[in-house]
Amino acid sequence: MDLYVCYGTLGPVKHHPCARAYRALTAAGHRPNVIRTYGCYGTDRFFSGRRAIKDLTGNYKVPTLVLEDGTVIDESENIAAWAAQQAPDTPVMDVS
Ligand SMILES: N[C@@H](CCC(=O)N[C@@H](CS)C(=O)NCC(=O)O)C(=O)O
């Protein structure tokens, strides 16, 4: 799966939507390919990655998640909700 973000995934989840989406995915066991689109602060349309996102979602904002089957999930809260519901199977460690 591809996770389109702004400049990265750092920062507090409360204030940075890309960090929120990334941490929700990784906390649930997903390992998304992180694709930086740059932009922000009104400059989004100057960046090809953001224009590609607009073609996908109708808006320039990230994070946007694109699944292997082409499904597009926009908005950090929607990505976090999907991550929680679709956790990949994780092996159970035998500690006996
Ligand atoms: N409600 C959105 C907000 C997303 C958002 O503001 N993303 C920033 C990057 S962290 C952005 O794309 N800003 C572009 C802009 O506002 O022009 C979400 O939670 O996903």
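**Close-up views of a predicted model**

**View A. The shell around the ligand.** Here seven nonpolar, three polar and four charged residues surround the ligand (Ala, Val, Leu, Ile, Met, Phe, Trp, Tyr, Cys and Pro count as nonpolar, Asp, Glu, Lys and Arg as charged, and the others, Gly among them, as polar). Among these 14 residues, the nearest are Cys6, Pro17, Lys61, Glu75 and Ser76, where a residue is near if its C-beta atom, placed from the backbone, lies within 6 Å of the molecule. This is a predicted model, in which local features need pLDDT of at least 70, side-chain atom pairs count only at pLDDT 80 or more, and totals for chains, interfaces and linings use all residues. Residue numbers start from 1 along each chain as its sequence is written.

**View B. The four-stranded sheet.** Follow the order β2-β1-β3-β4 through this open sheet with mixed pairing; strands are DSSP runs (E, at least two residues), helices likewise (H or I, at least four), numbered from the N terminus, and two strands pair if DSSP finds at least two bridges between them. At the edges sit β2 (33-36) and β4 (72-74), each pairing on one side only. Three antiparallel bridges link β3 and β4, and Thr64 has Asp74 in β4 as its bridge partner.

**View C. Contacts of Ala21.** Beyond its neighbours within four places in sequence, Ala21 touches Leu3, Pro63, Leu65, Ser76, Ile79 and Ala80 (contact: C-beta atoms, placed from the backbone, within 7 Å).

Terms used: Two residues are in contact if their C-beta atoms, placed from the backbone, lie within 7 Å.
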